[in-house]
Amino acid sequence: MESIGIPLPAETLIIAISLYAASTHALNIFIIAALTILGTILGNIIGYGLGRKFGSKLLEHYGKYIGLDENRLLIGRYLCHRWGRITIIFSRYFAFLRLFASLIAGTLQMKWLRFLVADIVGSILWGLTYSVGTYYFGEQVLKLPLYGIIAVVVLILIGFGAFLYFIKKEEQNLLKKAQLFFETAENSPKL
């Protein structure tokens with residue numbers, strides 16, 4: 001659902017399930033990983049299809065209600081034109097891109113096979129990072145004393161805050177690059 005523009009806490013859910021599996025061993029982490037990867041691939045395919053069929057009208061009319069203003073749409077188009085496949089692969093790791101990368105790729109008529117390969121690679125990387133990575137990292141964190149767990153949480157929060165600051169700061173640079181790119185581009189390059 002997240003891949004079609006609905007802001008849901010997919011990462012939080014996967015992390016919580018993986019930590020539960022690490023602490024109780026009641027769930028098989030490889031089944032969790034497989035379901036995460038499969039759900040991500042299918043969600044991205046649905047997002048791509050919706051973007052291909054309804055993308056322009058959908059994003060123009062409703063994007064502003066979910067934080068996708070004209071500038072962010074322009075940034076997304078720029079990233080898709082400039083780094084289409086690589087953007088799809090790594091879009092799962094960035095909240096803004098994760099929500100709209102598949103829709104934008106479909107809207108811009110990215111070639112199906114290129115999209116599918118990038119979607120599969122990105123979904124596997126992201127799914128394994130958040131499920132299996134959390135499972136094994138979570139097992140180690142659970143062995144720490146309380147002050148160690150607090151230190152890990154504080155470090156993660158500081159890192160997350162720094163990341164959000166960097167993304168917000170970089171958003172303006174990307175907007176300038178996107179505006180310049182589309183002002184000077186006579187024909188959009190093939191994705």
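Let me start with the second largest pocket of this predicted model. Both α1 and α2, the latter covering residues 29–62, supply at least two residues each to the lining of that pocket. α2 provides the largest share, eight residues. In total, 20 residues line the second largest pocket, and those nearest its centre are M1, E2, A10, G39 and T40. The space in this pocket amounts to about 400 Å³. By class, its lining holds 13 nonpolar, five polar and two charged residues.

Since α2 has come up, let me describe that helix further. How far apart are the end C-alpha atoms of α2, which has 34 residues? They are only 37 Å apart, whereas a straight helix would reach 50 Å at 1.5 Å a residue. α2 also contains a kink of about 90°, and the kink is centred on F54. At the N-terminal end of α2 there is a cap, provided by N28: a side-chain oxygen of N28 lies 2.7 Å from the backbone nitrogen of F30. In the loop between α1 and α2 we find H25. H25 is not a glycine, yet its phi is positive, at about 60°. As background, most residues other than glycine have a negative phi.

Let me now step back to the whole chain. The protein chain has six helices and zero strands. Of its 191 residues, 39% count as buried. The C-alpha trace spans about 60 × 35 × 25 Å along its principal axes.

I turn next to the largest pocket. About 1300 Å³ of space lies in it. Two or more residues of its lining come from each of these elements: α1 (10–24), α3 (70–90), α4 (95–107), α5 (112–142) and α6 (146–184). Which helix contributes the largest share of this lining? That helix is α6, with 15 residues. The lining comprises 44 residues, and Y93, F94, A95, F160 and F163 lie nearest the centre of the pocket. Sorted by class, the lining of the largest pocket has 29 nonpolar, eight polar and seven charged residues.

Two of the helices just named, α3 and α4, deserve a closer look. I begin with α3. Between its end C-alpha atoms α3 spans only 22 Å, while a straight helix of 21 residues would span 30 Å at 1.5 Å a residue. α3 has a kink of about 115°, centred on W83. Several residues of α3 are buried, including L73, I75, G76, Y78, L79 and C80. H81, G84, T87, I88 and I89 in α3 are buried as well.

Is R77, another residue of helix α3, buried or partly exposed? R77 has a relative accessible area of 24%, and because buried means under 20%, R77 is classed as partly exposed. The C-alpha atom of R77 is separated by 6.7 Å from that of I104, although the two residues are 27 apart along the chain.

I104 brings us to α4, where it is one of the buried residues. α4 is mostly covered, with eleven of its 13 residues buried. Among them are L97, R98, L99, F100 and A101. The helix reaches 19 Å from its first C-alpha to its last, which is close to the 18 Å expected at 1.5 Å a residue. Even so, α4 bends by about 45° at A101. After α4 comes Q109, with a positive phi near 60°.

Finally, let me consider enclosed space. Rolling a probe the size of a water molecule over the atoms shows where empty space is left. How many cavities of 30 Å³ or more are there? The count comes to one. The space in the largest cavity is about 30 Å³. Its lining consists of G76, L79, C80, T87, L97, A101 and I104. The elements that give two or more residues to this lining are α3 and α4. α3 gives the most, with four residues. The classes here are five nonpolar, two polar and no charged residues.

To close on residues that recur: A101, where α4 bends, also lines the largest cavity. I104, whose C-alpha atom is 6.7 Å from that of R77, is likewise part of that lining.

Key: Residues numbered from 1 in each chain as written. Predicted model: local features only at pLDDT ≥ 70, side-chain atom pairs only at ≥ 80, totals over all residues. Heavy atoms only, no water. 1 Å grid on protein atoms, 1.4 Å probe; cavity = no way out; pocket = protein on both sides within 12 Å on 5 of 7 lines; lining within 4 Å. Points joined across faces, edges and corners; volume = space filled by probe spheres on them. Nonpolar A, V, L, I, M, F, W, Y, C, P; charged D, E, K, R; others polar. Expected span 1.5 Å × (residues − 1). Bend = angle between axes of the 7 residues up to and from the residue. Polar contact = N/O pair within 3.5 Å; in protein donor to acceptor, adjacent residues only side chain to side chain. Buried < 20%, exposed > 50% of the residue type's maximum accessible area, 1.4 Å probe, protein only.
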